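Biologist: Could you take me through one part of this model closely, the open sheet and the charged pairs that go with it? I would like the cut-offs along the way, please.

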Amino acid sequence: MPEEPQPTPSRRSRRGGQLLAGLLVGVLGFAIAVQVGPDDESSDFAAMRGVELVELLKSIDAANARLAGQVDDLTRTRDELRSARDGSASAKEQAELNAEQLAILAGSVGAEGPGVRLTLKDPDGSLDAGILLDAIEELRAAGAEAIVINGSARVVAQTYFLDDEGGVRVGGREVEAPYVVEAIGDPATLQEAMSFRGGVIDRVESRGGEADVRTSRRLTITALADVKSPEYARPDAGADDAPSTP
């Protein structure tokens with residue numbers, strides 16, 4: 001009997017590249033589905049004041065901008081892998097690295113590394129969700145890669161901040177003063193972002209609060225974000241090739 005033709009190395013390489021590209025598309029779809037998941041806390045917004053709505057909208061706008069950048073980066077990497085003709089070990093390593101980075105950004109895994117610990121004391125009850133949000137945004141702008149408040153409220157792209165009785169609600173979790181914000185990133189850069197003139201520390205002290213920021217060689221964040229499973233959206237590796245259904 002004639003022997004069946006065996007797949008050539010180039011076929012196996014192309015097939016491996018397609019599988020890796022499919023994996024990245026799945027990860028990308030999951031990230032988008034998680035970030036845009038519905039929020040069952042809508043009843044909390046009915047009694048919000050105008051200033052609280054403004055702060056919430058600031059948080060949402062900033063989250064959308066960060067999410068769009070993350071999606072663009074992952075899409076670019078996916079396209080590069082799709083166009084590659086070899087399913088080399090480097091492509092697999094890149095896919096695994098992207099998955100790990102995405103998990104940290106989504107708050108679905110813990111993280112550790114150098115960074116800063118910012119402590120905000122509020123003896124007069126004058127610090128609100130707005131000042132806490134300002135601190136988080138300054139840390140993010142300075143390159144913070146993972147943030148947690150009071151060791152329990154993991155801050156990710158879709159996390160919102162609302163004034164609550166006796167404290168602040170951070171993405172559905174209530175935290176009370178003193179607020180301890182731990183952020184992983186370049187310690188010197190993050191410390192400078194909190195300490196510059198007119199920055200977070202000055203604004204906290206102008207309201208009668210106390211602020212202290214210290215660098216750390218190693219911070220460990222174990223708290224995970226409260227992430228819902230998507231109800232409707234599912235990753236589809238062949239979404240770009242299949243025609244849309246009206």
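Modeller: Happy to; here is the sheet, followed by its charged pairs. The model is predicted, so local features need pLDDT of at least 70 and side-chain atom pairs count only at pLDDT 80 or more, while totals for chains, interfaces and linings use all residues. Residues are numbered from 1 along each chain as its sequence is written, and side-chain values use heavy atoms, with hydrogens and water left out.

The open sheet has five strands in the order β3-β2-β7-β1-β8, paired antiparallel. Strands (E, at least two residues) and helices (H or I, at least four) are DSSP runs numbered from the N terminus, and two strands pair if DSSP finds at least two bridges between them. At the edges stand β3 (153-155) and β8 (210-221), each with a single partner strand, so one side of each has no neighbour in the sheet. On average, neighbouring strands are turned by 20° against each other, direction ignored; axes are lines fitted to C-alpha atoms, for helices over the stretch in contact, and angles run from 0 to 180 degrees between N-to-C directions.

Let's walk across it. Three bridges join β2 (residues 146-149) to β3, with isoleucine 149 opposite alanine 153. In β7, the bridge partner of isoleucine 149 is valine 181, and β2 and β7 pair over four bridges. Six bridges then link β7 to β1, where threonine 119 stands opposite valine 180. Five of the six residues of β7 are buried, buried being under 20% relative accessible area, exposed over 50% and partly exposed in between (1.4 Å probe, protein chains only). Helix α5 (residues 187-195) lies across β1 (111-121), β7 (179-184) and β8, at about 20° to β1; contact here means heavy atoms within 4.5 Å.

Now the charges. A salt bridge is a side-chain nitrogen of Lys or Arg within 4 Å of a carboxyl oxygen of Asp or Glu, and the structure holds 11 of them. One joins arginine 117 and glutamate 182 (3.0 Å, N to O). Arginine 117 lies in β1 and glutamate 182 in β7, so the pair ties together parts 65 residues apart in sequence. Arginine 117 is partly exposed at 34%, whereas glutamate 182 is buried at 14%. Another salt bridge joins arginine 207 and aspartate 128 (3.1 Å, N to O). Arginine 207 is in the loop between α6 (200-206) and β8, and aspartate 128 in the loop between β1 and α4 (129-141), so this pair connects parts 79 residues apart in sequence.
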